[in-house]
Amino acid sequence: MTVDILSDLHLDFYFKPHLTTAENVTSFFELIFTDDKTREIGDILFIAGDIGHYNEQNIEVLKIFLKEFYKHIVCVLGNHDYYLVDSESKYTFENDSFKRVEDMRKLINQEENMYCLDGEVIEIEGIKFGGADSWYDDSYVKMYYPQFDSNQINLLWNGNINDSRLIKGISRFDDITKLEIQKLEEIYQNCDVMITHVNPSIDEEHINEKYHNSPINTFFTFDGSKFYKNGSMKYWVFGHTHDAIEYEVEGVNFLCNPLGYPNESQYGDNIKMKSFEILL
């Protein structure tokens, strides 16, 4: 079984939400999924969060992926999938980001062969896939900047991270962390492949060098060492950072392959798909 991975699609940066068509989605993503027609598309597409800001657009694009390219789609949601970016979204979801997330998961999970994992394990052809959105925590700051207290971290979050403005229903950087850690506790010893949105390593070796020595990294990582040191997974796929990353720890292969924003991907021209083969 071949698993293709991609994250941080940010679909509404590539397609106007109300002008998304099967033709423009297919023509754009076919070149990405096939590396400009030089590779075979895999069996499963893993999407490690940040699909886009609009649920209806997101589900329409995912349905096109399933119809045109993949046998199965497995995903989690990212911080941008919680955002309420305009007055219509705020009205529709009653200014509650968790209602938007609930709606997005429902739209995905009601489709055949499409799964949005939220602390569950599913089995496809004998392989167990587990996933949760995950969230960042204060572990990076505690390791590299022990002088920061919790209130200082929250001030840093409010001043630098859009989540503080666009996610409605939270007031602190770690409000969602506690919920997501509990979900990982339920699944980490019962999956062959794990998918989260956030990088589960706080080690700077596993962060792009250009971001080293910055306390902002605490909002792009969490300490998942308990889970990968004691878990059953052989692969862990994540997103959130817009840098392609691969590393190995404790026999677990970690992979991140973001599309990112159009200026980063050059509208898809500089994206290379990552994939891995997994067998029973």
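In this predicted model, Phe65 touches Leu9, Val25, Phe29, Phe33, Leu45, Ile47, Tyr70 and Ile73, a list that leaves out residues up to four places away in sequence. Phe65 also belongs to the largest nonpolar core, which has 52 residues, and within this core Phe29, Phe33 and Phe65 are the members that touch the most others. Several elements each supply at least two residues of this core, namely H1, S2, H2, strand S3 (72–76), helix H4 (97–109), strand S4 (114–116), helix H5 (139–144) and helix H6 (150–160). The element that gives the most is H2, with six residues. Apart from this core lies another one, of 20 residues, and among its members are Phe46, Ala48, Ile127 and Val237.

Two of the residues just named, Phe29 and Phe33, lead to helix H1, where both are buried together with Val25, Thr26, Phe28 and Ile32. The helix covers residues 22–33, and its 12 residues reach 15 Å from the first C-alpha to the last, close to the 16 Å expected at 1.5 Å a residue. What lies over the buried residues of H1? The cover includes strand S1 (2–6), strand S2 (44–48) and helix H2 (55–68). After the helix comes Asp35, which has a positive phi, near 50°.

The aromatic rings can be followed next. A pair of aromatic rings is described by the distance of the centres and the angle of the planes. Across the whole structure, a search finds 27 aromatic pairs. In one of them, the rings of Phe15 and Phe29 have centres 6.2 Å apart and planes at 40°, so this pair is tilted. It links distant parts of the chain, since Phe15 sits in the loop between S1 and H1 while Phe29 sits in helix H1, 14 residues apart. Both Phe15 and Phe29 are buried. Tyr228 and Trp236 form another aromatic pair, which is edge-to-face, with 6.5 Å from centre to centre and 80° between the planes, and these two residues are buried as well. Ring pairs also join Tyr14, Phe15, Phe28, Phe29, Phe33, Phe65, Phe69, Tyr70 and Tyr267 into a cluster, so that Phe65, where this account began, appears again among linked rings.

The cysteines are a separate matter. A disulfide is a covalent bond between the sulfur atoms of two cysteines. How many disulfides does a search of the whole structure find? The search finds zero. Why is Cys75 not bonded to Cys116? The sulfur of Cys116 is the closest cysteine sulfur to that of Cys75, but at 4.0 Å it is too far for a bond, because a disulfide requires sulfur atoms within 2.5 Å. Cys75 has a relative accessible area of 0% and is therefore buried. Cys256 is in no disulfide either, and its nearest cysteine sulfur, that of Cys75, is 16 Å away. With a relative accessibility of 0%, Cys256 also counts as buried.

Finally, the path returns to Ile127, one of the residues in the core of 20 residues. Ile127 lies in strand S6, which covers residues 127–131. Is Ile127 buried or exposed? Its relative accessibility is 2%, and therefore Ile127 counts as buried. From Met1, Ile127 is separated by 126 residues in sequence, while the C-alpha atoms of these two residues are 8.9 Å apart in space.

Note on methods: Residues numbered from 1 in each chain as written. Predicted model: local features only at pLDDT ≥ 70, side-chain atom pairs only at ≥ 80, totals over all residues. Heavy atoms only, no water. Helix = DSSP H or I, 4+ residues; strand = E, 2+ residues; numbered from the N terminus. Expected span 1.5 Å × (residues − 1). Buried < 20%, exposed > 50% of the residue type's maximum accessible area, 1.4 Å probe, protein only. Contact = heavy atoms within 4.5 Å. Phe/Tyr/Trp six-rings, centres within 6.5 Å; stacked < 30°, edge-to-face > 60°. Core = buried A, V, L, I, M, F, W, Y, C linked by side-chain atoms within 4.5 Å.
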